[in-house]
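Me: I am new to this structure and would like to see how the words used for it are justified. Could you take me through them step by step?

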Amino acid sequence: MKIGVFVCHCGENIGKTVDCPRAAQESAKIPGVVISVDNKYTCSDPGQNMIKNAIKEYNLDGVVVASCSPHMHEKTFRKAVASVGMNPYMCEIANIREQCSWVHDDVEEATKKAIDLIRIAVEKVKRNFALTPIKVPVTKRALVIGGGISGIQSALDIANAGYEVVLVEKEPSIGGHMSQLSETFPTLDCSQCILTPRMVEVYQHPKIKLLTYSEVEKVEGFIGNFKVTIKKKPRYVDETKCTGCGLCTQKCPIKKAPNEFEQGMIKRTAIYVPFPQAVPNIPVIDNTVCTYFRTGKCQMCVKVCGKEAIDFNQKERFVVEEVGAIIVATGYSLYKIDKKPKDSPIKGYGEYGYGIYPDVIDGLQFERLASASGPTAGEIKRPSDKKEPKKVVFIQCVGSRDESKGFSYCSKICCMYTAKHAMLYKHKVHDGEAYVFYMDIRSGGKMYEEFVRRAIEEDDVKYIRGRVSRIYEDGGKYIVKGEDTIAGIPVEIDADMVVLATAIVAQNDSKKLAQTIGIPYDKYGFLNEVHPKLRPVESSTAGVYLAGACQAPRDIPESVAMASAAASKALVLFGSDMLEREPTIAKVNESTCAGCFYCQKVCAYNAIEKKEIKDRNGNFVKYVAYVNPGLCQGCGTCNATCPSKSVELIGYTDEQIFAEINALATL
Amino acid sequence: MNNLYNIAKDLFSTNKVDLIIGYKSIDSRRTKPIFVSSNEDVDHLVFNEYSLNNLSVYLTRKDIKKYNKIGILAKGCDIRAIVQLINENQIEREKILIISKKCNGVVKDFGLEYNEENIAEKCKSCKVRTPKVFDLMIDSEEEKKLPEPTISSRVNELDSMTPEERFEFWRNEFSKCIRCYACRQACPLCYCERCIVDKNIPDWIESSPTQRANFSWNLIRAFHLSGRCIGCGECERVCPVDIPLSLLNAKMGIVAFKEFNYATGMEIGEPTLVGNYSNEDNEDFIK
Amino acid sequence: METNINFEPKIIAFVCNWCTYTGADLAGTSRLKYAHNVRIIKLPCTGRIDPLFIIKAFEKGADGVLVSGCHPGDCHYTSGNFHARRRWILFNQLLNFAGIDNRRVHFSWVSASEGRKWVDVINEVIETVRKARPFVGYSKMNKEYVYNE
Amino acid sequence: MYTIGYYPGCSLTGSAKEFDKSLRKICDLLGIKLVEIEDWNCCGATSAHATNHLLSVSLPLLNIKKAYKQGITKILAPCAACYNRLVTAQYELTKNNLVKKELSEFLENDYNSIKVINIIEFFQEIIKEGILDKKVVSLKGLKVACYYGCLLLRPKEIIDFDDSEQPSSMEEIIKITDATPVDWNYKIECCGASHSIAHKDIVVDLIGKILGDAQKHSADIMVVACPMCHSNLDMRQLELRKNEGYKSIPIIYLTELIGLSLGLSPEELGINLHFIESRSVFEKYFSKVEVQL
């Protein structure tokens, strides 16, 4: 091995404390070093040229640059050596600035330390070998899980860039929570009006394969090469035959099932389309209430369907899709309490009578009441007696920011939608009074604060800072007892209706989905991004991206921004045919591997697989570990865990580290 | 009658096993392992207080693995090794038929008479004298009370020394080591195809029996068994120079129990100690 | 004995690339000063740090060893430091039981922003090791072949 | 024979004598043995927990210690304040290391193995065990407002035998007398008992709301399980009665109501000791009693 050592003065930065010429002279004595020189500024063009010339002149096998931190200039020098034909991984940095000259004063000791650091690097580089980035083929197709606004946005972005998308939605229609909203803050434009065209665009897009009423069952593979099994739940309606005429839903004799889309405030039939603008506009049979499924009789829908589209024999079907990237956009659900607080999984707020009093409702129920297509055709009427409420109390932070009863996080959108609700109410009931109990108003966002001020100043919504302790019914009124902490007095309001801004919570099956895909989640069940600031839409599993409220409470613009960001991450991946990855990954010595699979247990990336070893005659010999180069991120935890060191991290092999320690031997 | 002879005969005649790993008497106070593959040799089988070897060590051997169904005589302690081997993917539960008994301890070493004084130390603190995992039980005596264990007091004794004294103690003990690796061969959990000590690029552990190399070797051996050792004590029994290896293993067992409430090889399918973690793991010692 | 108290101990530090190494860089860019006795060996993750490294360091004459990485929950590789922590709990107690003074083996979490903490940790480690005196016990252990008796 | 440790506390020997009396009568009738803790002391409510936290924990623990020495494994504390102090002390012992450390010398045993129950839990238990299964008098038609007050259900971290905000356990017990529990709003509202002496005006206002709501929901009587609530609601109602047209509502202990249904007379149960007269409400049932007896 012929090694060249280049000691940088970095002007005064190193040169003042480290005797660079002496360090270079001493380094020259290290076996294998054929040239060792010092230089004022090695990262400058002349400095780099000196390295390049030396490589050619001395036919060097490896280079050590003693300079600043590798986090500064490792890439620079690796590029420089590569330009003259040396493998970039044959260049190592000895950090004699940040970790030597800058932190010590004693020239003698600093110089000694610098020489030691150079020796470590030389011993390591002697055991380096040429590495080439790993290339993995990329399937240029994406899977989007969740057909809410985030999923729709991601799917459209990717499809419009010319790549195929599989969009999976567990409900019978796409649209998500946004389709339930009446109007949106801060512009008060109609949610359906802006969303429906997007839904139709998804449906008609030639590049988008839409799988509604379907769920992701299994995810195998790795970035660029996922194999996803999707379960299609039976609709009992043949999607290819149904024209969406709606006759079956009109004739169905069962009319008492709670309408999920309308938040249970009205009823629906057993065969139903979730809402008029549903995409696809194909009904589904709820087999838990359908008379045919319960008694074997009826078949009214079969009789009226001219297209013979009803098929009671449909079973679950499984489809397998191969994709290169996965975008998770599964959204949120709302903190809900059952009719009997005692049996509810979430304890708390029994004092508000939520789930007990019919006119104490949540935000989504109010959205439906205010929606022109809702159960009251947009008129605000209370659920109990269908009368117009003249006094409405809105309570914020029900379940949010409340460690003792709910969750410690802020649900983020409630301040805004409560202002919107109060405003909508005032616009519809001119002589009505609206009160809002709040902890503080969080209205960060473009035009958000102005919106809240408008509610207070123009629409005369009365904001009361304080919590509500109790709500009870009294002669058809709801007595809201609370505190006005600014005035310092207790308040009692006899309201006709109460709207609770209940917390946004993770979907109840989000943990299961996260485990299926192999991505982490937080203690609330929200999915975790890999870096909260710099990589907010990537999960820790390469090739899996996050969009929208599945990651944390998000409003619509944020969800859409995240969705486009996630789509662009997928598109970056699709930009090349082969995926290049750092070659510093783990590798198994199959002949010595005993197959204890401790490496598999410690691997955070599911990168270690079981591989069968067979002899020449095809007989099974043993199982060994196999590192999937597409998944391994190169942490080396497997290496340290393996008792026989049968798996080694390339670039940080045992031999290299052994040599580094040896370089410091005083014996 | 569920005696060993009947059970073994029955297993072979009904083709439930292809091989039984068991013990054969040499004289009244000695046994040796025997591999019985047909009805003919069944009458050699014994299972008594002189059945010292932990036979599970053979289960990971290549020439044993080729049998489809293996019967094995195993004491409660030996069964913990079998359970751990299953948990470490080395053997399949379905392939092993465990024949066990209630155990009243075995002697310290061959040639000694079975009496209170000669009962092996490991038996005195054994929690699985009536095993929890097994397939067949042979008729056996009920559990008797055994003498009080002394191992933890010996561990405590060492703990109460100064580090220098302890270092000196182990330096002396390890300096006896002749690197015969009998400890490794007898250990059911040392099943690596190539032991770390035999890896020479790089030469993590010097192979010559110098004091320093011996120290390093014994430390790493003990570390590799931390949270894995089931305390059968075979390493110490086979050591030709009587290094108190059980002391090291017992200490690490105590650590595993105190820190993680973990005991090895008690349940099939239970997560291994190393290879898993908890957010609540102790970090008082980390700055 | 007292004469040795002023000796300059030799410390080898095994640190992870993402947190502690960057934290040590930050100490440099902030021009903080600390004792020169430490030599850093960089690894991708604390999960990569093998107890063998520590033993080898002692064999090669180190008086003390420091192992440092990302705080729990901050690991660049999600869980490498959690696995490392469990490994250290076991190994630390084993070393102690074998008579290797706990003052020689140190563990710390130093994040990329904790340049100050890095300095404090290094100074503390050096002082502690200094009190434990040179560790010739290990490296100078009789290298002759030894036979029984 | 069903035997249970008994901690009466100060109220039940004074202002709430009838609570004690009616409980003992029921127990005699049903063959339940109450083993009173020998030499029991103050539970630490009011003064102690307003002055010294440690004292407020050690006083109840001293009672539990005495019970332990007597071989008692379960203590009935009918007074809601006593009950609250006893279970809070047990909770502190498990959760608060500081308290545990301070009291380590004084505590010789694990006192959390002793279960402390309130009067509602007591009735739940004897109903479940089949000890309380008969009734002599049916109180059919009697509309009852069950009032829980503040101490019986809170804090919910410590006390969890019922939902702290929407309780229903007392109503369940009432049902065995055939009386009808009414659904009303002030079940758990504060009655202001602590201010009963010093701030009469506040208290009268508070109980006015509570009693008013019960009456609005057409309750004939109110059943309570706390001596402070009782004295407050019973005694201070006299102030309300000064208002013209005020119709008073009798305040009855849970034990008394059960006692009535078991055929005991109002005098035996001490109902005649209350300020608010209740004979008129119960008259029609008494007549039946006489017929049946």
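Me: What makes a residue part of the contact of chain B and chain C, and how many residues does each chain give?

Reply: In this predicted model, a residue takes part when its heavy atoms come within 4.5 Å of the other chain, and by that rule the contact takes 52 residues from chain B and 46 residues from chain C. The area buried between chain B and chain C is about 4,700 Å², with 67% of that area given by carbon and sulfur atoms. In chain B, the residues that lose the most area to chain C are B:Trp204, B:Arg212 and B:Lys287, together 19% of what that side buries.

Me: Why is the meeting of C:Glu124 and B:Lys287 called a salt bridge?

Reply: The distance from N to O between these two side chains is 3.7 Å, and because the rule asks for a Lys or Arg nitrogen within 4 Å of a carboxyl oxygen of Asp or Glu, the pair of C:Glu124 and B:Lys287 qualifies. Between chain B and chain C the count is three salt bridges.

Me: How do you know that the span of α6(B) agrees with what is expected of a helix?

Reply: The helix α6(B) has 13 residues and reaches 18 Å from its first C-alpha to its last. The expected span is 1.5 Å times one less than the number of residues, which for α6(B) comes to 18 Å, so the reach is close to expectation.

Me: Which residues of α6(B) are buried, and what covers them?

Reply: With buried meaning under 20% relative accessible area, the buried residues of α6(B) include B:Phe167, B:Trp170 and B:Phe174. Their cover includes α5, α8 and α10 of chain B, together with α3 and α5 of chain C.

Technical notes: Residues numbered from 1 in each chain as written. Chains lettered and ligands numbered in written order. Predicted model: local features only at pLDDT ≥ 70, side-chain atom pairs only at ≥ 80, totals over all residues. Heavy atoms only, no water. Buried area = accessible area lost by both parts, 1.4 Å probe. Helix = DSSP H or I, 4+ residues; strand = E, 2+ residues; numbered from the N terminus. Buried < 20%, exposed > 50% of the residue type's maximum accessible area, 1.4 Å probe, protein only.
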